[in-house]
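Me: Please examine closely one pocket of this predicted model, and then set out the side-chain contacts found in the structure. A formal account, with distances and angles where they are available, would be appreciated.

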Amino acid sequence: MENLGFVIDEGLKKCDEMDKFSGVIHVSLEGEVVYEKSVGFADRSNETVNTIDTSFGIASGAKLFTAVAIMKLVEAGKLSLNDRLKDLIDVNLKNIDDDVSVHHLLTHTSGIEDYFDESGDNDYADSFGGIPNGKLRKVADFLPLIEDKGMKFRPGESVSYSNAGYIFLGLIVEAVSKMEFHNFVESKILKPCRLNSTGYHELDSMPEKTATGYIDAEDDDSWTSNIFSIPAKGGPDGGIFTTAGDLIRFWNILLDGKFLSKEYVDMILNPQVRMNQIIEYGYGVYILREKEVAKKYFIMGMDPGVSFRYSYYPENGYSIVVLGNSEFDDFEINEAVVEAIKGKQ
């Protein structure tokens, strides 16, 4: 679409959230890039700029990779969505209902109390139960945070977003595959899909072209990095690093139905549960529908020093990626792009 990139850029100039933005904005139409913009520093101390190829943490956006890992095992016949958590992992689950299934964990309907209450204003780092974040590198390292959690409701009776549920999914991947979770995702998903700039990087040994997350002070121009505020290595509930290009590639590979067969892709993308009056949820993916027709699929994540949103609009084939290593309203930036596209159509 002629001059669309200019129109998007002009629309973003009117968005107040761009004053806080540091990261990458990428817009594509059916795989063809129509707009790219990089802003800010990947490393503020050394003034290393963000580029289109910079990798960013995506916080809870990583749940899609966990859901795909589970579905690969289901497709291979090694796991069933109806299998019960208690039958799959060798962990004392004395406070967890025996009927919690893989499906419940994927859809946040397990009823398991989370280790972090995302409905409040709590500091994410305070949810680590006194464990230094540098000790949180393997899935099993999170067990002290979740193994004594109780139930908020019986499985399937309601919905409540649960990072703990996705930690249990990671433990299931390890138990069923006999592989460490990160190794499974890297060898069974990232490498086959050629997502060469995606990985679970450790904060104290990040590779080049990877952005550090930054937390800006509210009352002055000072800042700190997020290296003491999030787990040292991401896991099943969040924290993978990736680029806009890899995200677009991964989404298109899923839609193509060659990595996972269409039957299992449909399970990921079809509504499994309603999160609220507007938004539904598949497996690791949010869905916005009107009159039973999907208008938008999206994944998102926010941690200290991380703001992320990926949106796909099936009716017109647009993908919008907002990757950031600062804290801002990624929804407002996404909507500024949407409005610019609408104005051009």
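Reply: A pocket is here an open set of points on a 1 Å grid over the protein atoms alone, where a 1.4 Å probe fits and where protein lies on both sides within 12 Å along at least five of seven lines. Its volume is the space filled by probe spheres set on those points. Rolling a probe the size of a water molecule over the atoms shows where empty space is left. The model is predicted, and the values that follow are computed from it.

By this definition, the second largest pocket has a volume of about 340 Å³. Its lining comprises 15 residues, and those closest to its centre are Lys-295, Tyr-313, Asn-316, Val-338 and Lys-342. Two or more lining residues come from each of the strands β11 (286–290), β12 (293–303) and β14 (318–324), and from the helix α10 (330–344). Of the contributing elements, α10 gives the most, with 5 residues. Sorted by class, the lining consists of 7 nonpolar, 6 charged and 2 polar residues.

From the pocket, the account turns to aromatic contacts. Searching the whole structure yields 10 aromatic pairs. In one of them, the ring centres of Tyr-115 and Phe-142 are 6.1 Å apart and the planes stand at 50 degrees, so this pair is classed as tilted. Tyr-115 and Phe-142 each lie in the loop between α4 (102–106) and α5 (143–146), and the pair therefore ties together parts that are 27 residues apart in sequence. Tyr-115 is buried, as is Phe-142.

A further pair, Tyr-214 with Trp-223, is edge-to-face, with 5.0 Å from centre to centre and 85 degrees between the planes. The partners can also be described by their accessibility: Tyr-214 counts as buried because its relative accessibility is 3%, and the cut-off for that class is under 20%. Trp-223 has a relative accessible area of 35% and is therefore partly exposed. Elsewhere, one aromatic cluster is formed by Trp-251, Tyr-297, Tyr-310 and Tyr-312.

Aromatic rings also receive charged groups. The charged end of Lys-63 sits over the ring of Tyr-166, at 5.6 Å from the ring centre. Likewise, the charged end of Lys-72 sits over the ring of Phe-259, at 4.2 Å from the ring centre.

Contacts between charged side chains come next. Side chains of opposite charge can pair when their charged atoms come close. The structure holds 21 salt bridges. One of these joins Arg-137 to Glu-202, with an N to O distance of 2.4 Å. Arg-137 is placed in the loop between α4 and α5, and Glu-202 in the loop between α7 (181–190) and β6 (214–216), so the contact ties together parts that are 65 residues apart in sequence. Arg-137 counts as partly exposed because its relative accessibility is 24%, and Glu-202, with a relative accessible area of 25%, is partly exposed.

Arg-137 also meets Asp-204 in a salt bridge of 2.8 Å, N to O. Asp-204 lies in the loop between α7 and β6, and Arg-137 in the loop between α4 and α5, so this pair ties together parts that are 67 residues apart in sequence. Asp-204 has 55% relative accessibility and therefore counts as exposed.

Another salt bridge lies within a helix. The side chains of Asp-266 and Lys-262 meet at 2.8 Å, N to O. Because Asp-266 and Lys-262 are 4 residues apart in α9 (residues 262–269), about one helical turn separates them. Asp-266 is partly exposed, with a relative accessible area of 27%, whereas Lys-262 counts as exposed, at 56% relative accessibility.

Finally, Arg-84, Asp-87, Asp-97, Asp-99 and Arg-154 are joined into one network by salt bridges that share partners. Within this network, Arg-84 is found in the loop between α2 (63–75) and α3 (85–88). Its relative accessible area is 30%, so Arg-84 is partly exposed. Arg-84 and Val-102 are 18 residues apart in sequence, and their C-alpha atoms are 6.3 Å apart in space.

Technical notes. Residues numbered from 1 in each chain as written. Predicted model: local features only at pLDDT ≥ 70, side-chain atom pairs only at ≥ 80, totals over all residues. Heavy atoms only, no water. 1 Å grid on protein atoms, 1.4 Å probe; cavity = no way out; pocket = protein on both sides within 12 Å on 5 of 7 lines; lining within 4 Å. Nonpolar A, V, L, I, M, F, W, Y, C, P; charged D, E, K, R; others polar. Phe/Tyr/Trp six-rings, centres within 6.5 Å; stacked < 30°, edge-to-face > 60°. Buried < 20%, exposed > 50% of the residue type's maximum accessible area, 1.4 Å probe, protein only. Lys NZ or Arg CZ within 6 Å of the ring centre and 35° of its normal. Salt bridge = Lys/Arg side-chain N within 4 Å of Asp/Glu carboxyl O.
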